[in-house]
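Hi,

Here's the structure I promised to pass along. Have a look at it first, and my notes on what turned up follow below.

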Amino acid sequence: MTTDQTVAKPRTPSSTRRAIAAATIGNALEWFDLGVYALMAAYIGKTFFPGGNAAVQLVQAYAVFGITFLVRPLGGLVLGAYADRFGRKKALVLTIWLMVIGTFLLAVMPGYATIGFLAPVGVIVARLIQGFAAGGEFGAATSFLIEQDDRRKGFLGSFQFASQGFATLMSAGFAAGLTASLSADAMTSWGWRIPFVFGLLVGPVGYYIRRHVDEPEAAQGKQPTSTPVRTLFRFHWGGLLIAGGALVVSTSLNFILQSLPTFAIKNLGLDDSLSFVALMITAAILTVVTPIVGLLTDRHGRIRIMIGAAAVIGAGVVPLYLWVTTSPSFLTLTVTMTILGLLKATYFGALPSVMADVFPAHTRATGLSFAYNATVGIFGGFTPTIATAMIAATGSPVSPGYYLLATASLSIVALVAANRRRGIR
């Protein structure tokens, strides 16, 4: 087990609510921007990249999307170390301002027709800033949450992932509403910018909340280190493997859920807006159910519930894929995504607190940030590519289900190691 025994004193309900809001609003803004960019990629490609080939422009837009994942591990190390050295609160204030800067650049950047090659360069710069900021967000925010009250780590940590569900709900809502109400020309001209402008309005609110919360008492009492990165890789590499391994299935499933609507549109002939509605339903489930699961894990054990959920994900995803591909309809897509959403919420309700517990407090933000972003970059960023390649190689649209089975098995191994080697329950 980790050696830190400092236990934070219980906070008042109002201070706990402020802490949850402060930690989650930045994570929600990060995932809202991520989701909006992915859903609006076709329009972004037409705006910022030259040529008349829509397919090439889409590939270029997705390539810039991938740049975010490349820089996130670096941001995790730099900003995570900053949080471990100077405090969670200072790091949270810094990350939200960096995210606002990146969102602002995307919202106002003129297109290629106006400023030429500076347009794609500007988009790349914006995504690099956002990726760097997002790299430090998870570690600082999760550490801030679970250090509020040692007795409710599962519940408090669950809001970190519940905010991702809320952000997905918002981004899918914008996509469904805008594509249903605006013409394709209007979407390409200015409609796709509306969600990013909305994100700009959220940023100052997040800064104000984060500026006026207290540092967790557990963090105040920890023994700091001046070299958190060196300490992490010298003494806690096992924690990195366990935390990353536990995250694998959740990350893979998340990107499968995000790609299912597009798969249904392109391969099953379902309506665009209805497919986005199915994603909204799933996102609502993740937002509501995740904290409930987090609360239950504090009472009944985190590892036991997570292993059960991972096992069901591994066993059930292939039959679900088979069902939605052989009986394509809005109903089957919605039911499939609802079941997967419930399983995901059950698994990752306690995941942030389990990942946090494999690191001592003085390297927790650094360890969380790097493990999270390296895993998301590898298993999340490449999951759509792997899924598409498996379908092309096998000719079977069910084949991505076998990939999820493999990642579920890997996560179960990591959870067993967390229980036996670190004493996490």
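Between the two domains, 45 residues of domain 1 touch 44 residues of domain 2, where contact means heavy atoms within 4.5 Å. Domain 1 covers 14-219 and domain 2 covers 227-424; those bounds come from an automatic or database domain assignment. Their C-alpha centres sit 20 Å apart.

Before going further: this is a predicted model, with local features needing pLDDT of at least 70 and side-chain atom pairs counting only at pLDDT 80 or more, while totals for chains, interfaces and linings use all residues. Residues are numbered from 1 along each chain as its sequence is written, and side-chain values use heavy atoms, with hydrogens and water left out.

The two domains bury about 3,600 Å² between them, 71% of it on carbon and sulfur atoms (buried area being the accessible area, 1.4 Å probe, that two parts lose on being put together, summed over both). Leu77, Phe138 and Phe161 supply 17% of what domain 1 buries against domain 2, more than any other three residues.

Now the helices (DSSP runs of H or I, at least four residues, numbered from the N terminus). Helix α6 (residues 118-146) packs on helix α17 (residues 364-380) at about 130 degrees, with the axes 8 Å apart; axes are lines fitted to C-alpha atoms over the stretch in contact, and angles run from 0 to 180 degrees between N-to-C directions. That makes α6 oblique to α17 (under 35 degrees is roughly parallel, over 145 roughly antiparallel, 65 to 115 roughly perpendicular, the rest oblique). On the α6 side the contact includes Phe138, and on the α17 side Leu368 and Tyr372 are among the residues met. By class, seven residues there are nonpolar, seven polar and one charged (Ala, Val, Leu, Ile, Met, Phe, Trp, Tyr, Cys and Pro count as nonpolar, Asp, Glu, Lys and Arg as charged, the others, Gly among them, as polar).

α6 also packs against helix α1 (residues 13-39): their axes come within 10 Å and cross at roughly 150 degrees. So α1 is roughly antiparallel to α6. This contact divides into eleven nonpolar, four polar and four charged residues.

And what else does α17 meet? Pro228, Val229, Leu232 and Phe233 in α11 meet Thr366, Gly367 and Phe370 in α17. Five of the residues in that contact are nonpolar, two are polar and none is charged. Axes of α11 (residues 228-235) and α17 come within 9 Å, crossing at roughly 70 degrees, which means α11 is roughly perpendicular to α17.

Cheers

Key. Helix = DSSP H or I, 4+ residues; strand = E, 2+ residues; numbered from the N terminus.
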